[in-house]
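Q: I'd like a close look at one part of this model, so take your time with it. Here it is.

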Amino acid sequence: MINIYDLTQEQLVDLFKQWGEPSFRAKQLREWLYDKRVSSFDAMKNLPKELRARLETETTLGTLKLVTEQSSRDGTLKRLYKLPDGQLIESVMMPYEDDRRTACISTQAGCAMGCVFCATGQMGFSRHLTPTEIFEQAMRFAGELEAEGDRLSNVVLMGMGEPFHNYDASVSAIRRLMNDLGIGARHITVSTVGLVPQIRRFADEGLQVKLAISLHAATDAERGSLLPVNKRWPLEELIAACRDYIDKTGRRITFEWAAIQGENDTSEQAHALGKLLKGMLCHVNIIPLNPTGGYHHGPAAGERIDQFIDTLATYGVTATVRVRRGIDIDAGCGQLKASVISPNEIPEVPNA
Ligand code: SAH
Ligand code: SF4
């Protein structure tokens, strides 16, 4: 079966040529898909009935099969999808009061990076997603929002997997989010655990996309105990790559910090971080640790986080705490994993 979402405009024209259809049909079909964002061939009213029937039998619109969906009382939606080979991935949509609608999408089934506090890391790596599989997660939310008269405004590549470990597919999906879905580069964020060669490559990509780096610790001893990748690319190399990225692109970097009680919420870490980032065009995003099955630590206390932020301020480094989303359905940062829950285990949570 041909997946229509896999085809570029040119490839669709070619397919239609083989089918004896004029090339303007390709343009019409793409308008239905990416501008009007319909989810069935049946809705494509200006395509001849016979063409729609042929599309229906010989092609598909995407490959993600919805397995379960959970909705949080804050409006966050979490989806579990099955891929054609049986792999499972999750994606999340977060509505905000200021009308932003942010999709958090996965780039791999599982993750090979093994960060100790991350549910995806705890499950290990299954496989890379294709550009279309990455793109389609956002496409699905975009289509559903469109049908409700709403619009997907932001996309973050912060779901399952390490985007820069699947670099080409992630960048290709980002380009499609921009070109096909019309999402502005500044409304797209890619987050990496710190793969130095890819950060350097990304600096040359010419994209205005936001870059986030999962830092979480400011000394090699501490970071190495949380993020195995730090042994391959220690802080000195990582920060050098970040500085070069900023020099080259003129863009600010966001550093993510999962605040863990008694681990990286100490005054020592705050001072080390202040020294590390002093003078850099950056911002620190603090995420109180979300619980995961395989890591038995708690989130840093609010007071600790306030002190941490105050310490950073003495170095001229700004930091804010990210509001946690979807806590009642484990849809927060680092909580995505591919577990099938039976529908009657899904809590009935009324939307606020
Ligand atoms: N692989 C990429 C993107 C996906 S993870 C990366 O690691 O950057 C998205 C963010 O959630 C990362 O900053 C990650 O470090 C963070 N995270 C992972 N587990 C977490 C947890 N239990 N609580 C809070 N944040 C977590
Ligand atoms: Fe992978 Fe990111 Fe989780 Fe680390 S935090 S295991 S890099 S998904």
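Which residues are around ligand 2?

A: Bear in mind as you look that this is a predicted model. The residues around ligand 2 are C111, M113, G114, C115, C118, G121, G161, E162 and V193. Sort that shell by residue type and you get five nonpolar, three polar and one charged. The charged one is E162, since Glu is classed as charged.

Two of the names in that list, G161 and E162, are worth following, as they also turn up in polar contacts with ligand 1. For G161 the backbone does the work: one of its N or O atoms lies 2.9 Å from a nitrogen atom of ligand 1. For E162 it's the side chain, with a polar atom 3.2 Å from a nitrogen atom of ligand 1. Then there's E256, where a side-chain N or O atom is 3.2 Å from an oxygen atom of ligand 1. As for cover, ligand 1 has 530 Å² of accessible area on its own, and the protein covers 96% of that. Strand 10 (188–192) and strand 12 (253–259) are the elements that give two or more residues to the shell around ligand 1.

So what does the rest of that shell look like? There are 20 residues surrounding ligand 1, and the closest are F117, S191, S214, H216 and N290. By type, the shell around ligand 1 splits into nine nonpolar, nine polar and two charged.

While you have the model open, a couple of helix pairs make a good side trip. Helix 1 (residues 9–18) packs with helix 2 (residues 24–35), the axes 8 Å apart and the angle about 125°. Helix 1 and helix 2 are therefore oblique to each other, and their crossing is right-handed. Further along the chain, helix 11 (residues 267–277) and helix 12 (residues 302–313) have axes that come within 9 Å and cross at roughly 30°. That angle makes helix 11 roughly parallel to helix 12. Here too the crossing is a right-handed one, as helix 11 passes helix 12.

Back to where you started: if you want a spot to zoom in on, try G161 and E162, both of them among the residues around ligand 2. From there, follow the G161 backbone to a nitrogen atom of ligand 1, 2.9 Å away, and the E162 side chain to a nitrogen atom of ligand 1, 3.2 Å away.

How values were computed
Residues are numbered from 1 along each chain as its sequence is written. Chains are lettered from A and ligands numbered from 1 in the order in which they are written. This is a predicted model: local features need pLDDT of at least 70, side-chain atom pairs count only at pLDDT 80 or more; totals for chains, interfaces and linings use all residues. Side-chain values use heavy atoms; hydrogens and water are left out. A residue is near a molecule or strand if one of its heavy atoms lies within 4 Å of it. A polar contact is a pair of N or O atoms within 3.5 Å; within protein, one must be able to donate a hydrogen and the other to accept it, and residues adjacent in sequence count only if both atoms are side-chain atoms. Accessible areas come from the Shrake-Rupley method with a 1.4 Å probe; for residues, only the protein chains shown count as cover. Helices (H or I, at least four residues) and strands (E, at least two) are DSSP runs, numbered from the N terminus. Axes are lines fitted to C-alpha atoms, for helices over the stretch in contact, and angles run from 0 to 180 degrees between N-to-C directions. Angles under 35 degrees count as roughly parallel, over 145 as roughly antiparallel, 65 to 115 as roughly perpendicular and the rest as oblique. A crossing is left-handed if the near helix is turned anticlockwise from the far one by less than a right angle, and right-handed if clockwise.
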